[in-house]
Amino acid sequence: MNKTVVINVVGLTKRLIGEHTPFIKSFLENGNYSLIDPVLPAVTCSAQSTYVTGKSPSEHGVVGNGWYFNEECEVKFWRQSNKLVQQPKLWDELKNKDSGFTCANLFWWYNMYSTVDFSVTPRPNYLADGRKIPDVYSYPSDIRDKLQSELGTFPLFNFWGPKTSIKSSQWIADATIKTDALYNPTLSLVYLPHLDYNLQRHGLNFDIISKDLNEIDGVVKQLVEYYQKQSANIVLLSEYGITNVNNPIHLNRVLRTKGYLNIRTERGLELLDCGASKAFAVADHQIAHVYLNDKSLKSEVKRLLENQKGVSKVLTGDEIKNMHLNHERSGDLIVLADATSWFTYYFWNDDNKAPDYARMVDIHKKPGYDPVEMLVNPKDKLVTLKVIWKLLKKKLGFRTVLDIIPLNATLIKGSHGVVPEEKDDYPIFITNKREIALAQNILATDVYSLLKKHVLDD
């Protein structure tokens with residue numbers, strides 16, 4: 001079997017490869033590449049699960065970064081158990097072919113309790129006094145201690161939130177090299193999230209994102225040069241392309257106007273009660289699953305949502321099946337945004353009644369994806385002092401809420417989730433193995449067999 005590394009450069013597209021990414025450009029020109037027809041939804045968890053199973057969401061069940069757990073009547077995002085992916089994985093097939101095969105997963109999603117041999121994934125400690133302490137989960141468990149003793153604690157707050165920076169991707173790259181030196185896995189899956197941040201904040205504004213492109217180019221260069229010395233097969237790929245948006249759509253507010261949402265008021269703040277709602281939307285970038293507790297409302301809700309500015313399509317029945325999203329976890333309706341729109345999870349009409357988690361980085365409590373968590377209020381000149389004061393109070397043992405996230409969805413300038421209008425914005429597959437035949441475009445489900453070829457072919 002051939003030593004292979006797959007470097008997932010989140011958000012990388014043909015459009016972004018150029019003067020600001022000289023190393024990646026050279027890697028592409030000296031290798032071979034295809035554009036990937038993105039899976040629907042073109043979001044992290046669905047795309048990665050498709051790549052490692054070769055199956056569509058209708059089969060592997062990962063219909064988004066989160067969904068409505070019907071038996072619990074709760075929306076849950078960013079779960080971590082690999083058992084949620086309902087198909088065998090690439091590494092399972094390769095293990096069956098050769099008992100000497102090993103696989104390392106560095107930060108690809110659903111990394112906990114999988115059958116890989118070595119895994120590292122973000123897993124903060126949530127303390128009883130309300131603090132969130134950066135940390136990782138690993139298997140075997142001593143990898144965590146070995147990596148953090150040499151590299152320092154994983155920079156969680158640079159991985160997600162207003163402080164996101166190259167530090168998290170750099171730590172993952174360094175951890176990849178350390179893990180490889182310790183265990184020499186046959187296949188390594190590496191996740192570099194850096195481009196995800198400012199592309200969502202600022203869209204395709206090269207005056208701003210040129211710095212980010214140059215930074216990730218340097219990290220990719222470090223990894224590629226390390227693996228080139230080992231004569232490894234090297235794949236750079238991405239999950240989706242991020243494009244410009246300017247129109248946030250608040251589907252739950254639309255449903256609320258018709259009385260479909262059930263809202264609980266606690267301590268003067270509003271909470272969405274999914275289990276008691278007739279219809280509600282789970283927003284995930286440019287796609288939303290709409291779940292109906294009252295199935296008789298399907299046609300009525302579809303007409304309502306189709307008439308919203310920025311909604312491209314509302315899928316039902318065979319339309320959902322044709323998009324390979326017919327799974328019990330999917331909504332009764334699936335709403336797609338047009339090219340310049342995206343969906344928020346917002347359900348309140350008065351910001352004074354927004355739940356406390358709305359102004360926090362809290363990916364597990366919010367009933368939908370919230371990219372605004374990467375921002376602070378640009379009009380608040382004292383926000384840095386407020387953060388310092390709140391963190392100091394936490395360290396002193398006082399309970400306090402880090403409520404610094406604005407409730408202004410118009411601040412987001414880039415999104416993804418649907419198939420982009422231009423192919424230069426499709427995800428990309430680049431390999432140094434020129435002899436592998438690649439079509440100009442491949443399906444997302446084809447990535448599985450291509451990665452298998454890199455490991456197996458002489």
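This is a tutorial dialogue about how to read some features of a predicted model.

Visitor: Where should I begin, and which residues have the most contacts inside the largest nonpolar core?

Guide: A general idea helps here: in soluble globular proteins, nonpolar side chains tend to be buried together. In this predicted model, the largest nonpolar core has 148 residues, and Val301 and Phe429 are those with the most contacts inside it. Helix H8, residues 206-228, gives the largest share of this core, with 8 residues. If neighbours within four places in sequence are left aside, the residues in contact with Val301 are Leu255, Tyr260, Ala279, Val290, Leu292 and Leu333.

Visitor: How many strands form the open sheet with mixed pairing, and in what order do they stand?

Guide: That open sheet is formed by 9 strands, and the order to follow across it is S9-S6-S5-S10-S1-S11-S22-S2-S23. Its edge strands are S9 (136-139) and S23 (441-443), each of which pairs on one side only. On average, and with direction ignored, neighbouring strands of this sheet are turned by 20° against each other. For one pair within it, look at strand S1 (residues 4-9) and strand S10 (residues 187-192), which pair in the parallel sense over 6 bridges, and where Ile7 has Val190 in S10 as its bridge partner. Helix H6, residues 166-183, packs on this sheet and touches S5, S6, S9 and S10, while its direction makes about 165° with that of S10.

Visitor: In the open sheet of 4 strands, is the pairing parallel or antiparallel?

Guide: The pairing there is antiparallel, and the strands follow the order S16-S17-S19-S18. Strand S16 (279-284) and strand S18 (311-315) stand at the edges with a single partner strand each, so one side of each is left without a neighbour in the sheet. S18 is joined by 4 bridges to strand S19, residues 333-337, and the two run antiparallel, with Val314 standing opposite Val335 in S19. Helix H10, residues 298-306, packs on this sheet, touching S16, S17, S18 and S19, and its direction makes about 165° with that of S18.

Visitor: What is the volume of the second largest pocket, once I turn to empty space?

Guide: Rolling a probe the size of a water molecule over the atoms shows where empty space is left. The second largest pocket has a volume of about 580 Å³. It is lined by 30 residues, of which Pro38, Leu40, Val418, Val419 and Pro420 are the closest to its centre. Strand S12 (243-244), S18 and S19 each supply at least two residues of this lining.

Visitor: Is the peptide bond from Leu40 to Pro41 cis or trans?

Guide: That bond is cis, with omega near 0°, and Pro41 lies in the loop between strand S2 (32-37) and helix H2 (44-53). The bond from Tyr139 to Pro140 is also cis, with omega near -10°, and Pro140 has its place in the loop between S9 and helix H5 (142-151).

Visitor: Is Phe107 buried or exposed?

Guide: The reasoning needs a cut-off, since buried means under 20% relative accessible area and exposed means over 50%. Phe107 has 1% relative accessibility and therefore counts as buried. This residue is found in the loop between S5 and S6, and its phi is near 85°, a positive value in a residue other than glycine. Ser231 also has a positive phi, of about 55°, although it is not a glycine. Ser231 sits in the loop between H8 and strand S11 (233-237), and with a relative accessible area of 68% Ser231 is exposed.

Terms used: Residues numbered from 1 in each chain as written. Predicted model: local features only at pLDDT ≥ 70, side-chain atom pairs only at ≥ 80, totals over all residues. Heavy atoms only, no water. Core = buried A, V, L, I, M, F, W, Y, C linked by side-chain atoms within 4.5 Å. Buried < 20%, exposed > 50% of the residue type's maximum accessible area, 1.4 Å probe, protein only. Contact = heavy atoms within 4.5 Å. Pairing = 2+ DSSP bridges. Axes fitted to C-alpha atoms, helices over the stretch in contact; angles between N-to-C directions. 1 Å grid on protein atoms, 1.4 Å probe; cavity = no way out; pocket = protein on both sides within 12 Å on 5 of 7 lines; lining within 4 Å. Points joined across faces, edges and corners; volume = space filled by probe spheres on them.
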